Amino acid sequence: MPPSSPPGKRNATDVPISPPPLKRTLQSGTTKTAVANFFTPTSQKPKDRTAWSQRAPNDAAPATLLVGRYLPDVHDENGSVRRKIAAFDLDSTLIATSSGKKHAGNATDWKWWDSCVPGRLRELHQAQGYQIVILSNQGGLMLHFEPGYKGPKASAQKRVNEFKQKCSAVLSSLDLPTSVYAATGRDMYRKPRPGMWRAVCDDYGLAEDEVDLANSFFVGDAGGRIAGLGTGGGNVKAIAKDFSCSDRNFAHNVGIAYKTPEEFFLGQKPRDFHRDFDLASHPFEEASLGASGLFEKKNKQDIVLYCGPPGAGKSTFYWRHLKPLGYERVNQDTLKSRDKCVQAARELMAGGSSIVVDNTNPDPDVRAVWVDLAKKAKLPIRCLWFRTPLHLCEHNDAVRAHNKVLNPEARQGLPKLAFTGFASRFKEPKVQEGFQDVTEIHFKFRGTREEFDTWGRYWT
């Protein structure tokens, strides 16, 4: 069991009295166990049986996955491979803070989420033949420092060491052959992406199609549950919504059952949940790949100005629908500045080309630059407004960043600020700004079945 809560609470003997006693005996914080352990030879001290390693998502990237593997002193699997996997999140699923704080204050600030947890895990392993693994997103940990990093390195290293100490204590208390995987980056290892699952399969000598998916499962607290009312101690109390749906989405991606800790350990009924982005709303349509009529060329030469957030499908729309019509593309991601975009546009128009301005162009002030350019060139300008919801844009961006087959321009993933920044500046485009017309484009996945199998997972 974990150590008791850190000292610090006042008791009755700490209350000041008057007059003060002539002499007060100070109680030592050093326990007999600690003294005995100090004088115990190193060879006789209990061994930390958790072996730690690090993994990188690819050969060119630094390690972002921290793996701790625990083997009990007595361990005999008879060479058998366990094909049923019982996977669990760590914080707020297997353990909670003993201090009651949201985040652990130190390596000893933990307790079992419920007293039944260790017994339940032992039953799964010893009686039901499951392989127990722990899969946790730990974005607050930093395994390597990027060049130029100016933050406090000592405190960052301390957080990693304290996490290892806490996990070693948890695994030692459980005393089962178990591994913990901690995803510290925002790459393929981070749930709901399947990188940690693939690492588990590799480590335990299983091809992904050899896992007993029908009987495997994942338990985690990030289930997208909505806020509601519950009962506790005979009183009705408010229940907060989950901070995300990443655990439920991870189980969906892997193809295994999902339960919350309350459902699995306590037998509670499932609560209603919500996903901002739900794949059920985006089924594959065979006829969508060759969809035509989405854009019709009206002028011999003109400018088409895009308006829409990053990840809305703007560039894909160009390659599939406007490039075949002879349009040349002007893109700030490629040219790096608006001035260079304007200069490139002038040169292309002078050569008789129609152009597409493939940028976000969120507000009238930005769009006015291109409207004025069109007036000076005496060319009509049309606007294509990509009305893709931001949560879907973030999904598309993550798919693109983590799958080369759907990322021909090798773009990197964007920060959250790229999407919220667009939303804060966005003003709906109007014909009155000087456009010949404004055409709305609503997102629909348009690609092959193989491409959809990649796109049709949860990535954020």
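This is a selection-by-selection tour of a predicted model.

**Helix α3 and the residue after it**

Start by selecting residues 153-174, which make up helix α3. The helix has 22 residues, and the distance from its first C-alpha to its last is 32 Å, close to the 32 Å expected at 1.5 Å a residue. Colour its buried residues next: Ala156, Val160, Phe163, Lys166, Cys167, Ser168, Val170, Leu171, Ser173 and Leu174. In an α-helix there are 3.6 residues a turn, so residues three or four places apart point the same way.

Step on to Asp175, which follows α3 and belongs to the loop between α3 and β7. Asp175 is not a glycine, yet its phi is positive, about 55°. Most residues other than glycine have a negative phi. With a relative accessibility of 38%, Asp175 counts as partly exposed.

**Ser92**

Select Ser92, in the loop between β3 (84-88) and β4 (95-96). Here too the phi is positive, at about 65°, in a residue that is not a glycine. Ser92 is partly exposed, with a relative accessible area of 38%.

**The cis bond and Ser246**

Go to Lys191 and Pro192 and display the backbone. The peptide bond from Lys191 to Pro192 is cis, with omega near 15°. Most peptide bonds are trans. Pro192 is part of the loop between β7 (178-183) and α4 (195-203).

Now add Ser246, which is in helix α5 (residues 246-254). Apart from neighbours within four places in sequence, Ser246 contacts Lys191, Pro192 and Ala222. These contacts therefore include both residues of the cis bond. Ser246 is buried, at 10% relative accessible area, because the cut-off for buried is under 20%.

**Aromatic rings**

Show the rings of Phe, Tyr and Trp; the model has 23 aromatic pairs. One of them is Tyr318 with Trp319, an edge-to-face pair whose centres are 5.0 Å apart and whose planes make an angle of 70°. The two residues differ in exposure: Tyr318 is buried, with a relative accessible area of 1%, whereas Trp319 is partly exposed, at 44%.

Then select Phe277, Phe284, Phe443, Phe445, Phe452, Trp455 and Tyr458, which form one aromatic cluster.

**Arginines over rings**

Finish with two arginine-ring selections. Take Arg69 and Tyr204: the charged end of Arg69 sits over the Tyr204 ring, 4.5 Å from its centre. Then take Arg248 and Phe273, where the charged end of Arg248 sits over the ring of Phe273, 3.7 Å from its centre.

Definitions and conventions:
Residues are numbered from 1 along each chain as its sequence is written. This is a predicted model: local features need pLDDT of at least 70, side-chain atom pairs count only at pLDDT 80 or more; totals for chains, interfaces and linings use all residues. Side-chain values use heavy atoms; hydrogens and water are left out. Rings of Phe, Tyr and Trp (its six-membered ring) pair if their centres lie within 6.5 Å; planes under 30 degrees apart count as stacked, over 60 as edge-to-face and the rest as tilted. Buried means under 20% relative accessible area, exposed over 50%, partly exposed in between (1.4 Å probe, protein chains only). A charge sits over a ring if NZ of Lys or CZ of Arg is within 6 Å of the ring centre and within 35 degrees of the ring normal. Helices (H or I, at least four residues) and strands (E, at least two) are DSSP runs, numbered from the N terminus. Contact means heavy atoms within 4.5 Å. The expected span of a helix is 1.5 Å times one less than its number of residues.
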